[in-house]
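Notebook open, coffee poured. Today I'm looking up holes and rings.

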Amino acid sequence: MNKNALKVAISVFLIAFAFGLNITGIAPILGILGDKYSAHGTSAVQLLQTLPYILLMGGSLMIGRLAELFSKRKLAIVGLFLIGFFGILPIIYESYWLLLVARVFIGLGFGLTSPLNTAIIAEFFPPEKRAGFLGLHVVGMGVGCMAGNVAGGILAGVSYQLFYLVYAIAFISMIGVALLLPDKKPEKKASADKTAKLNSTVYALSLASFIHTLFITAYSTNISMYIMGDLNGTTSMTGLATTVNAAFALIVGASFAKISGALKEATLFTSIIIAAIGYGAMVLAGGMIGVFICSAAVGASLSCFMAQCSYLISVSVEKDAVAAASGVFSVIGGIGGLLSPVILGWLTNAMPKGNTPLDQFLVSAAGMLVLSMIVIVSRLKMVKTTVVNE
């Protein structure tokens, strides 16, 4: 790997490292917030975990146009600054409403950074090398999520408000990207409708992401409440579970090039069915055994699913449309994450015990199983997508 490629690779890792905080969110302290803000209701507290999806979608929709006007380096720096600023903001005052506003606006930072790595990788590397770098992207997210969980758990043990300091990670990434990522200006091309370049592959993958995100989010919005409520656990136990989740995401990301090479057409299906197995283990095994199995399976599922979809998007559209395609993918998937607490709450309210974490895990297991069957029936074997941006 030459010096320039190494700088880009490190930048990809740093952007993903900060984006991993989107997965962590406020999950390690969600149980505490559930008690502290119980007057607002369970769904309102769970919504704090997924609120960033509101502006994440807005930022992701803007990224296609912004990438035509500004370099990806500049966009990354702005996005990372927003993540750091709004992530740390709630530490200044204990308020549900301040936290709610901060969680909404941090989404803009995540929205700008979410599609960028796929576009950066497509811009600097040929198709045959992208799987490995997209695996690096997933590794970065896993490491960032793990760092957020571990450091956040330690800080929350002192005071739950100190947890927000983990978002300083975004400032570290911002400095690294500013120093390393080449400031490659957008190419001036004849005006062409980018939307017209987004083919059925992009929309099929985006729809799959909507469903996958809808159910994968059940883990982050419920794991803390399940451990601290049903199992009478602690924030440390929650931190350990989410660390296992991040660790398996990291392992799969680091091995993604080999995994996708071995599974080939079955990669997408496998990334979904493993989540169904994990949620099923949570329901059937119960206790911390079920928690650890589910944590590992959900982490592996998210890592493999996102890497495979990102790779397929990067090779299915023209290079100058990758940012826009990735933005559409992020938006539609983001809607699934945003609506997850509402839809899962509605689906589980009719169950005997009502809207409980275990019921949401059960519904999510069924949902992932259905999605895996849809992938098979619809023959969504995306690895055969024609490479259009050599």
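These entries cover the cavities first and the aromatic rings after that.

**Ground rules.** I'm working with a predicted model, where local features need pLDDT of at least 70, side-chain atom pairs count only at pLDDT 80 or more, and totals for chains, interfaces and linings use all residues. Residues are numbered from 1 along each chain as its sequence is written, and side-chain values use heavy atoms, with hydrogens and water left out.

**Cavities.** I looked for cavities, meaning sets of points on a 1 Å grid over the protein atoms alone where a 1.4 Å probe fits but cannot get out; lining residues have an atom within 4 Å of a point. Volume here is the space filled by probe spheres set on the points, with grid points joined across faces, edges and corners. I got 5 cavities of 30 Å³ or more.

**The largest one.** Its volume is about 610 Å³. I found 35 residues in the lining, and Phe-19, Asn-22, Ile-23, Tyr-53 and Leu-302 lie nearest the centre. Helices are DSSP runs (H or I, at least four residues), numbered from the N terminus. H10 gives the most to this lining, with 7 residues. Among the other helices that supply at least two residues each are H1 (3-24) and H4 (53-69). What classes are the lining residues? I read off 16 nonpolar, 19 polar and no charged residues. (Ala, Val, Leu, Ile, Met, Phe, Trp, Tyr, Cys and Pro count as nonpolar, Asp, Glu, Lys and Arg as charged, and the others, Gly among them, as polar.)

**The second largest.** This cavity has a volume of about 80 Å³. Ile-23 and Leu-302 turn up in its lining, and I had already noted both by the centre of the largest cavity. H8, H11 and H14 each supply at least two of the lining residues. By class I have 8 nonpolar, 4 polar and no charged.

**Rings.** Rings of Phe, Tyr and Trp (its six-membered ring) pair if their centres lie within 6.5 Å; planes under 30 degrees apart are stacked, over 60 edge-to-face, the rest tilted. The whole structure gives 12 aromatic pairs. Phe-85 and Phe-86 have ring centres 5.0 Å apart and planes at 85°, so I log them as edge-to-face. Both belong to one aromatic cluster with Phe-81, Phe-105 and Phe-171. Buried or exposed? Buried means under 20% relative accessible area, exposed over 50%, partly exposed in between (1.4 Å probe, protein chains only). Phe-85 is partly exposed at 39%, while Phe-86 is buried at 17%.

Terms used
On a 1 Å grid over the protein atoms alone, a cavity is a set of points where a 1.4 Å probe fits but cannot get out, and a pocket is an open set with protein on both sides within 12 Å along at least five of seven lines; lining residues have an atom within 4 Å of a point.
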